[in-house]
Amino acid sequence: MRILFAGGGTAGHINPALAIAGYVREQEPDAEILYVGAKGGMEERLVPAANFAFQSIVISGFQRKLTVKNIGRNIKTVFRLLGASSGAKKIISDFQPDICVGTGGYVSGPVIRQAMKMGIPAVVHEQNAFPGVTNKMLSKQARCTMLAVEDAKKHLDPQAHCVLTGNPVRQAVIHAQRDASRKALGLDDRPLILSFGGSLGARTINEAVADLLAASGKSGKYQHIHGYGQYGKWMPQLLKDKGLDLSKHPEIQVREYINNMPECLAAADLVICRAGAITLSELQIQGKGAILIPSPNVAENHQYHNAMAMVRRGAAVILEENNLSGKALCEKVEEIFSKPNGAVELGKHAKEMSIRDANQRIYQIIKKIVV
C-alpha cells in the first residue's frame, strides 16, 4: 500500500498524520508512506524526525485581517497556490499513491484537491469540533471525512460522507495508570491539579495560575504541577514576589516544560489548560475533568467550539480568557472541589466521550477504500 499524507502549519495537523502513519507502518511494515508539507513549516522538521519520507511545496495561507501588508501577502499566496498545484501534481505523479490522507492546514488543500482531480481516492481527518476552512472545502468531494467530534458534522456540507473516528492519541497516554503514576511522582492523597498553557506558554494562564499556586501554598489543600512554557521563564520570580517559596513546598512543582505528560495526566484530579483538539482527546482517554481556557488567537475560534463540546456533556467547565483572572480561577477550582465528587463527575463524563481505537478506525477506513 502506498499512502500520501498532507497536512501542516501546526502540530495539531501534523501529529495526527504522524500517528496514523505510525499505526499503518505497525500493521503493514512494507507500506510506502510519503508526507507532503509546506516548505519552511514545522512539518519539515517533525516528519523526517519520525522517520517518514518528506517532500515540500511552496505554499502560504491567506491572511484574514485586511491590512495593506496582508493584501500584499494574499496576492503572493494566490501565485503560490498556482505553483503549489503543479508541484503537488508532480509529487503525486511520481509517487503514485493508492490513497491520499489530508489532516488539515492550508498545505493539504492543493495536494488533496489535486489528488482528487487525478482520480486518486482521498480522505480527510478533522481534529476539531469546528472544521477548518480547508477540510470544509475538501469534505465535499472526499471519499470520507473522519471526525474527532460528532459536533463537527453540522458545520460540513450535508453531502459529505462523515464517520466518527476520534483523534489519534499517543499510546503512552492511553496506557498510563493513575496509581502507578501517583506513586512514581511521590504524591500523597491530596488532589493533584495539573496546569499548562502549551510548550511556548500563555502569559494570561501563567499569571492566573500564579495566584492559584500562592493560595495553595497557604492552604496546603492541593498538590500542583504547572508547566509555564518557553516564554514564561519569569514565573518563578513572580511566585517569589507573591510570597511562595517553592523550596518549602515540595507538593508544588513548577517547570518550564512537562516532559512526563502522560504520567502527570494520569495522576491528576483536575486539569487546567487550553482547548486544543489533541489535548482534549487525551483528557477524554484518561477521564480527566478540566477547566478549559480556549485560546482566542486561533483560526475560527475553534478552541472555543472544542471546549464547548466537552462543557455541553458535563466533562469540563470553561473560563474564557477575557474573564480570566487569578481570583476567577481560584473560585472555579474551589467550586469544583467543594462539590461531592465534583472533579470525579467531570472526569467520568470526559471518559464517556473518549475513543480509544481511533487509529484502528482510521486504518480500517483506509484499507476499505484501497481494497
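A polar contact is a pair of N or O atoms within 3.5 Å, one able to donate a hydrogen and the other to accept it. In this predicted model, the side chain of Ser 354 has a polar atom 2.7 Å from the backbone oxygen of Lys 351.

Ser 354 sits in the loop that runs between α14 (342-353) and α15 (358-370). Its relative accessible area is 18%; buried means under 20%, so Ser 354 counts as buried. Apart from neighbours within four places in sequence, Ser 354 contacts Gln 284 and Ile 285.

Gln 284 and Ile 285 are among the buried residues of α11. That helix covers residues 277-286, and 9 of its 10 residues are buried, so α11 is largely enclosed by the rest of the structure. Other buried positions in α11 include Ala 277, Ile 278, Leu 280 and Glu 282. After α11 comes Gly 287, with a positive phi near 65°.

Gly 287 is also one of the residues nearest the centre of the second largest pocket, along with Arg 178, Ala 268, Asp 269 and Lys 288. Two or more lining residues come from each of α11, α13 (326-338) and α14. The lining and volume of this pocket are set out below.

| Property of the second largest pocket | Value |
|---|---|
| Volume | About 340 Å³ |
| Lining | 24 residues |
| Largest share of the lining, from α14 | 6 residues |
| Nonpolar lining residues | 10 residues |
| Polar lining residues | 7 residues |
| Charged lining residues | 7 residues |

α14 thus links two parts of this account: the loop holding Ser 354 lies between α14 and α15, and α14 gives the largest share of the pocket lining.

Key. Residues numbered from 1 in each chain as written. Predicted model: local features only at pLDDT ≥ 70, side-chain atom pairs only at ≥ 80, totals over all residues. Heavy atoms only, no water. Buried < 20%, exposed > 50% of the residue type's maximum accessible area, 1.4 Å probe, protein only. Helix = DSSP H or I, 4+ residues; strand = E, 2+ residues; numbered from the N terminus. Contact = heavy atoms within 4.5 Å. 1 Å grid on protein atoms, 1.4 Å probe; cavity = no way out; pocket = protein on both sides within 12 Å on 5 of 7 lines; lining within 4 Å. Points joined across faces, edges and corners; volume = space filled by probe spheres on them. Nonpolar A, V, L, I, M, F, W, Y, C, P; charged D, E, K, R; others polar.
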